[in-house]
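Okay, thanks everyone for coming. I've got one structure to walk you through today, so let me put it up and then we'll go through it piece by piece.

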Amino acid sequence: MISSTSTTDNRFFIYEVSGLRQNQETENSSHAIRTSSNIFMQVPYNRMNEKMRTITRLGGTIVSIRPLNNHLSAGE
């Protein structure tokens, strides 16, 4: 039997983000910030809400969210 925590712990999503602007908070980020194009972030399932709030606080817009593990999601 597979527990729900084991299946969600392995799920990752790709966020496509536009409009992040350079400021003091983004300079401390591990992501490169370029306002001229969209960036992609790999986000684990259990950190999705936290990352959404961070992106919004930094002035970004989430353009799309898609699962990284398509083959794992289809089999559940």
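**A charge, a ring and a core**

Let's start with a detail: the charged end of R11 sits over the ring of Y45, with 4.4 Å to the ring centre. Before I go further, please keep in mind that this is a predicted model.

Stay with Y45 for a second. If you search the whole structure for aromatic pairs, you get 1. The partners are F13 and Y45, and the geometry is tilted, with 6.3 Å centre to centre and 40° between the planes. That pair links distant parts of the chain, since F13 is in strand β1 and Y45 is in the loop between β2 and α3, 32 residues apart. So are the two partners buried or exposed? F13 has a relative accessible area of 12%, under the 20% cut-off, so F13 counts as buried. Y45 comes out at 35%, so Y45 is partly exposed.

Okay, zooming out. The protein has 4 helices and 3 strands, and reading from the N terminus the order is α-β-α-β-α-β-α. Out of 76 residues, 24% are buried. The exposed surface is about 5400 Å², and carbon and sulfur atoms supply 49% of that. Now take the contacts with a separation of 6 or more: 71% of them are between residues 24 or more positions apart.

Next, the strands. β1 pairs with β2 through 6 bridges, and the two run antiparallel. β1 also pairs with β3, residues 61–67, again antiparallel and with 6 bridges. If you want some landmarks on the β2 side, F12 stands opposite P44, and Y15 stands opposite M41. On the β3 side, look for S18, which stands opposite T61.

How much of β1 is buried? The answer is 6 of its 7 residues, so β1 is mostly covered. In a regular strand, remember, side chains alternate between the two faces of the sheet. And β2 gives you two faces to look at: I39, M41 and V43 are on the covered one, while F40, Q42 and P44 are on the uncovered one.

Let me come back to S18, which has its place in strand β1. Which residues does S18 touch, once you leave aside neighbours within four places in sequence? Those contacts are N38, G60, T61 and V63. The relative accessible area of S18 is 18%, and with the line drawn at under 20%, that makes S18 buried.

Now for the core. The largest nonpolar core has 10 residues: F13, Y15, V17, L20, I39, M41, V43, M48, I55 and L58. Which elements supply at least two residues each to this core? Those are β1 (12–18), β2 (39–44) and α3 (48–57). You'll have spotted some familiar names in there, including F13 from the aromatic pair and the covered face of β2, I39, M41 and V43.

Let me pick out two members of that core. One is M48, which sits in helix α3. M48 has 14% relative accessibility, so M48 counts as buried. Leaving out neighbours within four places along the chain, M48 is in contact with F13, Y15, V43 and I65. And if you like C-alpha distances, M48 and F12 are 9.1 Å apart in space while being 36 residues apart in sequence.

The other one is L58, in the loop between α3 and β3. Why does L58 count as buried? Because its relative accessibility is 8%, and the cut-off is under 20%. For L58 and L20, the C-alpha atoms are separated by 6.2 Å, with their positions 38 residues apart along the chain.

So, to pull the picture together: β1 is joined to β2 by 6 bridges and to β3 by 6 bridges, and β1, β2 and α3 each put at least two residues into the largest nonpolar core. F13 is in that core and also pairs with Y45, and Y45 has the charged end of R11 over its ring, which is where we came in.

That's my tour. Happy to rotate the view if anyone wants another look.

Note on methods:
Residues numbered from 1 in each chain as written. Predicted model: local features only at pLDDT ≥ 70, side-chain atom pairs only at ≥ 80, totals over all residues. Heavy atoms only, no water. Core = buried A, V, L, I, M, F, W, Y, C linked by side-chain atoms within 4.5 Å. Buried < 20%, exposed > 50% of the residue type's maximum accessible area, 1.4 Å probe, protein only. Contact = heavy atoms within 4.5 Å. Areas by Shrake-Rupley, 256 points an atom, 1.4 Å probe, with all protein chains shown as cover. Pairing = 2+ DSSP bridges. Phe/Tyr/Trp six-rings, centres within 6.5 Å; stacked < 30°, edge-to-face > 60°. Lys NZ or Arg CZ within 6 Å of the ring centre and 35° of its normal.
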